[in-house]
Amino acid sequence: MAIKKAVVVVWITLVSSLFALAAGGSAAQENAVLHAPLEHIDRKPVVFAMHNLGSDIYKRAMELIYKEAFSRLGYTFAYNLYPLKRSLGESNAGRIDGECARGWLPPAVQKKYPNLIQVREPIWESRICVYSMNPDIRVNEWQDLKKYENIVIGFSKGGVYLDRMIRQYGSNSQTFYGASNSTQGLRMLASKRIGMFLGVEDAIGSILNEAEFRHKNIYHAGSVDTLPLYPYLNKKYAHLAEPLASVLKQMKKEQIIDQYILRAQEEVFAPARKITISTGLMPPQKPSPDLNPSFFNKVADVVTRAFALENYQVSFIFRSRLSAFNMAKEGLVDGTMLWRKTKSRNSHFYFSKPLITAEIVFFHLKSKSFDWQQLDDLSSYRAGIVAGLQYEDLFDAAIFSGQLLSLTAKDETGNFKKLLSGEIDYTPVILESGYDTIREIFPQKTAALFTHHQKPLIRQNFYLLLSKQIKENQKVITDFNQGLYHLEKMDATDVKQFQQSAP
């Protein structure tokens, strides 16, 4: 009984990746990651497609369950990470041997994939539920969707079953939005770009427990269906369909599957190491007019999620840019973001993989004439720079030598105020960060007075830096890079678009 109760507790997290509906068409998942067999037996392993939606508990539990099941049949087991649509094709073509978990395929779909054989014992069942920010919305069956014709309804696209049910029960006058995954759908719900979101209860419950959504007041508005999830085999392994079903049934009877779920939970939920990052990017207090996340929130989200995949918990300390840099340089905090890679920093920091590619541009007032194509054109203008920052080598050298006139401020806020007062003519800032700062410190009418020159001073990669004063950071930066790699694989649309966000 204790095991069964524990399983209920972890169920929300466990199946978050299971349901292939949310796999979408994520381009980053298109490159499969092959995991080596867990044991060496002189036989080629059975390789299944696993749908990676971000749950490490799911991946580890499924690995343990299938390793046990196939070892009882005399085989080793490995898996590839694939999105839903591609895994169907790969499994049907025999380039992969089967599917870890998929809903029942209707006859029309079975005709398209005739080489797939369903194992007649489900791994488990999952409920399709509805979520909303409006507590008055209630949906208890598919037909109830038609009650909300004026609400944009989001769902996890790419799943055969959910796509079919949306077409069957949705009204022609309704607007539906297919999110690439459950996280994207919940973000749209939280920002009120959609009014309702359909997804797998286990996946949504897991995501809602994350810090990003914990206080968003997203309500469970009801469930519309229950879906059993089955293994599928390519026909070349048809002889294993019945034996595998029998083994899975026996493992459930022995509570082996429950035990592996608990083991996966214990491994994944080991105490997280805490990481402190200093930054000069301040979190905004005012929401943007278009409800898009701020530049800081985008950066912090990528850093936090990449660290979380490697079992690190991140907190941020906000200081001036120079103070944030020096704190990390001296080892008072673990690291700092965002910075360009320079030779002078190599001796003090470990550099991550590039977090973003962004532009540093010159901001100025719309009312002031300002133009430049080469550095000499700036000689008649006064620059506003942040004390101690490096921008671009030739520009920095011209400022240092006095070739270009400049005034310093302790932060970018000071320079924008000097722009408004006329003390300076331009200031170099990361494009998105600059507009976030302007919107934060000035009323709307005043913020409208600023613009930027279309020619960037530099377009370059920016990085997370970890201090070499902390000896463990050599391993931490390796872990972070690994987490960033997996994050890009799992959430390609959000992460890649952000990493290349500059126009």
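**Asking the model to justify itself**

Me: What makes helix α6 (residues 182-190) count as largely enclosed by the rest of the structure?
Reply: The burial tally does. Eight of the nine residues in α6 are buried, so the rest of the structure largely encloses this helix. Buried here means under 20% relative accessible area. The residues that pass are S182, T183, Q184, G185, L186, R187, M188 and L189. Keep in mind that this is a predicted model.

Me: How do you know how confident the predictor is across the protein?
Reply: Look at pLDDT. The mean for the protein is 81, and 82% of the residues reach 70 or more. Residues 1-42 sit below 50, and in the model that stretch has 130 contacts beyond near neighbours in sequence. Residues 491-503 are also below 50, with 35 such contacts.

Me: Back to α6, then. What is there to say about the backbone just after α6?
Reply: K192 comes just after α6 and takes a positive phi of about 65°. K192 is not a glycine, and its place is the loop between α6 and β8 (196-200).

Me: Why is K192 called exposed or buried?
Reply: Set its value against the cut-off: exposed means over 50%. K192 has a relative accessible area of 66%, so it is exposed.

Me: Where does N311 lie, and what is its phi?
Reply: N311 lies in the loop between α10 and β11 (312-318). Its phi is near 70°, again a positive value in a residue other than glycine.

Me: What class does the accessibility of N311 put it in, and why?
Reply: Partly exposed. The buried class stops under 20% and the exposed class starts over 50%. N311 has 25% relative accessibility, so it falls in between and counts as partly exposed.

Me: Why does D144 count as buried or exposed?
Reply: D144 has 7% relative accessibility, and because the buried class is anything under 20%, it counts as buried. D144 is found in a loop, the one between β5 (124-132) and β6 (153-156). Leaving aside residues up to four places away in sequence, D144 touches R138 and V139.

Me: What about R72: which accessibility class is it in, and why?
Reply: R72 has 34% relative accessibility, which lies between the 20% and 50% limits, so it counts as partly exposed. R72 belongs to helix α2 (residues 56-72).

Me: How do you know which residues R72 touches away from its own stretch of sequence?
Reply: Contact needs heavy atoms within 4.5 Å. Not counting residues up to four places away in sequence, R72 touches V247, Q250, M251, E254 and I256. V247 is 175 residues from R72 along the chain, yet their C-alpha atoms are 7.5 Å apart.

Me: What makes the R72 and E68 pair a polar contact?
Reply: A distance of 2.8 Å joins the two side chains, and a polar contact requires N or O atoms within 3.5 Å. The pair therefore passes on distance.

Me: How do you know how many disulfides there are?
Reply: Two cysteine sulfur atoms must be within 2.5 Å to qualify. By that rule the count comes to zero. As for the cysteines themselves, C100 is at 0% relative accessibility and counts as buried, and C129 is likewise buried at 0%.

Me: What kind of peptide bond runs from M337 to L338, and how do you know?
Reply: The omega tells you: near -15°, and the bond is cis. L338 lies in strand β12 (residues 335-339).

Me: How many cavities are found in the whole structure, and what is in the largest?
Reply: The search finds five cavities of 30 Å³ or more. The largest holds about 150 Å³ of space. It has 16 lining residues, and the closest to its centre are R321, I360, L389, Q390 and F462. β12 and β17 (427-430) each supply at least two residues of that lining, with β17 giving the largest share, three residues.

Me: And which helices line the second largest pocket?
Reply: α10 (295-309), α14 (412-421) and α15 (431-441) each supply at least two residues. α15 gives the most, five residues. The pocket's volume is about 380 Å³, and of its 20 lining residues, G280, L281, M282, T413 and T437 are the closest to its centre.

Methods: Residues are numbered from 1 along each chain as its sequence is written. This is a predicted model: local features need pLDDT of at least 70, side-chain atom pairs count only at pLDDT 80 or more; totals for chains, interfaces and linings use all residues. Side-chain values use heavy atoms; hydrogens and water are left out. Buried means under 20% relative accessible area, exposed over 50%, partly exposed in between (1.4 Å probe, protein chains only). pLDDT is the predictor's confidence in each residue, from 0 to 100. Helices (H or I, at least four residues) and strands (E, at least two) are DSSP runs, numbered from the N terminus. A polar contact is a pair of N or O atoms within 3.5 Å; within protein, one must be able to donate a hydrogen and the other to accept it, and residues adjacent in sequence count only if both atoms are side-chain atoms. On a 1 Å grid over the protein atoms alone, a cavity is a set of points where a 1.4 Å probe fits but cannot get out, and a pocket is an open set with protein on both sides within 12 Å along at least five of seven lines; lining residues have an atom within 4 Å of a point. Grid points are joined across faces, edges and corners, and a volume is the space filled by probe spheres set on the points.
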